[in-house]
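Thanks for coming. I have one model to go through, and I will start with a single residue and work outwards.

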Amino acid sequence: MGAGDRDRWNDKWAERRVGTSHGSQLVELVVPHLPESGRLLDVAGGGSTDSLTFARLGLDATVCDVSDVGLIQSRQRALAEDVIISTVEVDLDTEPLPAGPWDVITVANYLNRDLFSSLVDALGPGGVLAVVIATVTNLERSPKPARPFLVEQDEILALVDGLDVVHHTETWRSNNRHEAHLIARRA
Ligand SMILES: C[S@@+](CC[C@H](N)C(=O)[O-])C[C@H]1O[C@@H](n2cnc3c(N)ncnc32)[C@H](O)[C@@H]1O
């Protein structure tokens with residue numbers, strides 16, 4: 001599935017050329033919970049502009065993704081805007097998460113259930129995990145994302161077992177998607 005993911009997402013990022021295509025509210029969700037400095041990992045951030053925003057806010061931001069095309073777009077945008085980010089090309093189906101500990105981990109619009117225990121383990125003490133992901137209710141208005149990419153109602157809470165949940169809502173958003181938004185913290 002990894003090589004397939006890379007080709008598929010390389011095509012998508014090459015076609016889009018601009019950050020997130022569906023008005024992700026990851027930044028708005030996590031900003032009130034960010035430390036003033038520290039290491040942030042944006043998981044499956046691709047060519048999204050989110051990592052640049054986090055770097056501008058003072059975080060040492062790394063974005064990891066299977067798509068080298070998406071990561072090149074992020075790097076080019078960072079260079080053009082005089083912002084420093086790091087990128088790591090990784091297939092999270094088969095390869096480990098970039099080494100922690102991380103002060104903040106963000107995941108938007110990417111679902112890999114097996115990865116969650118690694119995300120929890122990779123947080124340092126007091127570390128924050130932020131997740132934005134569409135739920136199965138989204139199928140009432142749109143066939144995409146398809147069901148394998150959607151969480152069941154309240155499933156996200158079980159996926160972050162071991163963390164303290166600071167914020168959790170599941171509702172229709174202004175981008176017309178039904179999403180789970182979660183902030184959880186490691187003790
Ligand atoms: C819907 S996009 C979300 C991008 C960004 N987080 C956002 O919200 O705009 C899904 C991302 O997951 C990445 N991805 C898909 N499969 C992956 C894998 N096996 N390993 C790492 N990244 C993967 C894609 O390259 C793509 O950038």
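Let me begin with Leu26, which is buried, having 22 other C-beta atoms within 10 Å. The cut-off for calling a residue buried is 20 or more, so Leu26 qualifies. Before going further: this is a predicted model.

Leu26 belongs to helix 2, residues 26-30. What does Leu26 touch, once residues up to four places away in sequence are left out? The list is Asp50, Thr106, Ala108, Ala130 and Val132. Take Ala130 from that list: Leu26 and Ala130 are 104 residues apart along the chain, and their C-alpha atoms are separated by 7.6 Å.

Now the whole chain. The protein chain has six helices and seven strands. In sequence order the pattern is α-α-β-α-β-α-β-β-α-β-α-β-β. The radius of gyration is 15 Å, close to the 16 Å that the globule rule gives for 187 residues, so the protein chain is as compact as a globular protein of that length. Along the principal axes, the C-alpha atoms fill a box of roughly 40 × 40 × 35 Å. Buried residues are 40% of the 187. Of the contacts with a separation of 6 or more, 60% are between residues 24 or more positions apart.

Next, the strands, and how they pair. I will take strand 1, residues 39-43, as the starting point. Strand 1 is joined to strand 2 by five bridges, and the two run parallel. One pair to look at is Asp42, whose bridge partner in strand 2 is Val63. Between these two strands the chain passes through helix 3, residues 50-56, and the β-α-β crossover is right-handed.

Strand 2 itself covers residues 60-65, and five of its six residues are buried. Strand 2 also pairs with strand 3, residues 86-89, in the parallel sense, over four bridges. Here Thr62 stands opposite Ser86 of strand 3. Strand 2, helix 4 and strand 3 form another β-α-β unit, and that unit is right-handed.

A word on helix 4, since the chain goes through it there. Helix 4 runs over residues 68-80, which is 13 residues, and spans 18 Å from its first C-alpha to its last, close to the 18 Å expected at 1.5 Å a residue. Which residues of helix 4 are buried? They are Val69, Gly70, Leu71, Gln73, Ser74 and Ala78. After helix 4 comes Asp82, with a positive phi near 60°.

Back to strand 1, and its pairing with strand 4. These two are parallel, with four bridges. Leu41 has Ile105 of strand 4 as its bridge partner. Is strand 4 enclosed or open? Seven of the seven residues of strand 4, residues 102-108, are buried, so strand 4 is largely enclosed by the rest of the structure.

Strand 4 is also joined to strand 5, by six bridges, and again the strands run parallel. The pair to find on the screen is Val104 with Val128 of strand 5. Strand 4, helix 5, residues 116-122, and strand 5 make up a right-handed β-α-β unit.

That brings me to the nonpolar core. The largest one has 45 residues. Which of them touch the most other members? Ile105, Leu129, Ala130, Val131, Ile156 and Val160 do. Strand 5, residues 123-134, gives the most to this core, with eight residues. Ile105 we have met as the bridge partner of Leu41, and Ala130 as a residue that Leu26 touches.

Val160 is worth a look on its own. Leaving out residues up to four places away in sequence, Val160 touches Phe116, Val120, Leu129, Val165, Leu182 and Ala184. Of these, Leu129 is also on the list of core residues that touch the most other members.

Last, a contrast with the residue I opened on. Trp172 is found in strand 6, residues 164-172. Is Trp172 buried or partly exposed? Trp172 has 14 other C-beta atoms within 10 Å, so it counts as partly exposed. Trp172 and Ile72 are 100 residues apart in sequence, and C-alpha to C-alpha they are 32 Å apart in space. For Leu26 and Ala130, at 104 residues apart along the chain, the C-alpha separation was 7.6 Å.

How values were computed: Residues are numbered from 1 along each chain as its sequence is written. This is a predicted model: local features need pLDDT of at least 70, side-chain atom pairs count only at pLDDT 80 or more; totals for chains, interfaces and linings use all residues. The radius of gyration is taken over C-alpha atoms; the globule rule is 2.2 Å times the number of residues to the power 0.38. A residue is buried if 20 or more other C-beta atoms lie within 10 Å of its own, exposed if 12 or fewer, and partly exposed in between; C-beta atoms are placed from the backbone. Two residues are in contact if their C-beta atoms, placed from the backbone, lie within 7 Å. A nonpolar core is a set of buried Ala, Val, Leu, Ile, Met, Phe, Trp, Tyr and Cys residues joined through C-beta atoms within 7 Å. The expected span of a helix is 1.5 Å times one less than its number of residues. Two strands pair if DSSP finds at least two bridges between them. A crossover is right-handed if, with the strands pointing away from the viewer, the path from the first strand over the helix to the second runs clockwise.
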